[in-house]
Amino acid sequence: MSERNDSQSSRRKDPPMYPRNHWYVAAWSRELVQDKIFARRIFDQELVLYRRRSGEPVVQSGLCPHRRMPLALGTLFGEELECRYHGITFDADGRCVRIPTQDTIPPTCRLDTYPAVERGPWIWVWPGDPAQADPALIPDTRSLGLGHPQWRAMDNGTYLIEARQQLYVDNLMDLSHVYALHFPPGLSRNLQLPRIQYEERGERKVVTTATLLPADEFTRLLFPQAGPAVFSVFDAEYIAPGLINAVIAVHQPNPAMDGPGAALGTLVFPHALTPKSATATHLFMAEARNFRIDDADLDAPMRESNLRILTEDKAALEAIEAHLGSELRYRMSVAADSGALRVRRHIDALIAAEQAGARPSNPDTSHTGA
Ligand code: FES
Ligand SMILES: [Fe+2]
């Protein structure tokens, strides 16, 4: 966020790891309660979030410019935030409105305020140049099944992953890890695993696909009528620098039983991934399905399955992060990495363009038919 921040200035010489002129998820809407101060560290910056009287979100720097007291410990009076230490008070635009011990207010007594918009299930923040913060650039979460009448959406929570955001992008865009990490070890010794297909749809959309046979216990739970031979087709869709959608489309087998036939239903797992720091990431985990949408009993086992997978991914990524230096260089890649490498090049290009002063463009959310 702002270059005025202390922790930022010490890193100013490093190339940025993430593009900043994009919308990132800062919180679930439900996390921001009227008249309450909410704190979260994003892009290595302490932030406070709260709602104006109108309900609109406010995102501001979270340390008092006077003596760096965390403003989350302060008190909100309507739209005025009073620091707990000496009572200096700021409004929702970051202006200082009161210094209790004097009448004059120095120009440096203000809070950085960041563009923030509530859209879909989330509060979005723009950590880059405020002049470029166009709400039209916010990814369309309805097309991801969130808030769509034909989909049942779930909020599966917020998680802190002690690993850089890039590792989660690599994880999601290389679906071959599903077989080794989320199934018992040795699956590939007994089963011919599919090749991961990789495709670019449009300028920004990168999709990797894997087909899984046979059906596992989970797909049998979802579609008990479907019989034992069910094909799951996995897609990973890169939507924006902080948003990747994992898709599982479950199919009956085709008549020859050697590939997917009629579709039974689709599950989507939008992962909002917001850097907390250079080596830690906030994950806002959503899930939606377009089948059995009135069956509330299915929510708990679906959430449980999602959280088991998430826990395995988190453990793997944190184990990797523990041995990384500041710069991430892999020694080798395989064909299954193509999608992840393509996304990495795209993000590097966004950073380079941003450094050169280019303006951001719309994310591509056209996808699974939601
Ligand atoms: S530190 Fe906030 S008023 Fe002094
Ligand atoms: Fe995974």
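So, which residues lie nearest the centre of the second largest pocket? They're Phe218, Ile248, Ser305, Arg308 and Ile309, out of 32 residues that line the pocket. Before I go on, keep in mind that this is a predicted model.

Okay, a bit more on that pocket. The space in there comes to about 740 Å³. Several elements give two or more residues to the lining: helix 2, helix 3 (177–181), helix 5 (217–222), strand 15, strand 16, strand 17 (260–277) and helix 6 (299–321). Helix 6 gives the most, with eight residues. If you sort the lining by class, you get 18 nonpolar, eight polar and six charged residues.

Let me pick up a few of those elements. Helix 2 covers residues 165–173, and nine of its nine residues are buried, so the rest of the structure largely encloses it. Among the buried ones are Gln165, Tyr168, Asp170 and Met173.

Then there's strand 15, residues 231–240, which is mostly covered, with 10 of 10 residues buried. Strand 15 pairs with strand 16 (residues 243–253) over nine bridges, in the antiparallel sense. Two residues make the hairpin that joins them. And Ile248, which I named a moment ago as one of the residues nearest the pocket centre, is the bridge partner of Phe234.

Now, the metal. What are the protein donors of the iron ion, ligand 2? We have NE2 of His177, NE2 of His182, and Asp313 listed twice through OD, lying 2.1 to 2.3 Å from the iron. The angles among the four donor atoms go from 57 to 142°, and the site is irregular. Along the chain, the donor spacing reads H-x4-H-x130-D. His177 sits in helix 3 and Asp313 in helix 6, so that pair ties together parts 136 residues apart in sequence.

Are those two residues buried or exposed? His177 counts as buried because its relative accessibility is 17%, where the cut-off is under 20%. Asp313 has 4% relative accessibility, so it counts as buried too.

Last stop, a separate bit of sheet. Four strands form an open, antiparallel sheet, in the order 5-6-7-8. Strand 5 (75–77) and strand 8 (96–98) are the edges, each with a single partner strand, so each has one side without a neighbour in the sheet. Strand 5 and strand 6 (residues 80–82) run antiparallel and are joined by three bridges. If you want one contact to look up there, take Phe77, whose bridge partner in strand 6 is Glu80.

Methods. Residues numbered from 1 in each chain as written. Chains lettered and ligands numbered in written order. Predicted model: local features only at pLDDT ≥ 70, side-chain atom pairs only at ≥ 80, totals over all residues. Heavy atoms only, no water. Pairing = 2+ DSSP bridges. Buried < 20%, exposed > 50% of the residue type's maximum accessible area, 1.4 Å probe, protein only. 1 Å grid on protein atoms, 1.4 Å probe; cavity = no way out; pocket = protein on both sides within 12 Å on 5 of 7 lines; lining within 4 Å. Points joined across faces, edges and corners; volume = space filled by probe spheres on them. Nonpolar A, V, L, I, M, F, W, Y, C, P; charged D, E, K, R; others polar. Donors = N, O, S within 2.8 Å, 3.2 Å for Na, K, Ca; no water. Tetrahedral: all angles 85-135°; square planar, octahedral: opposite > 155°, others 65-115°.
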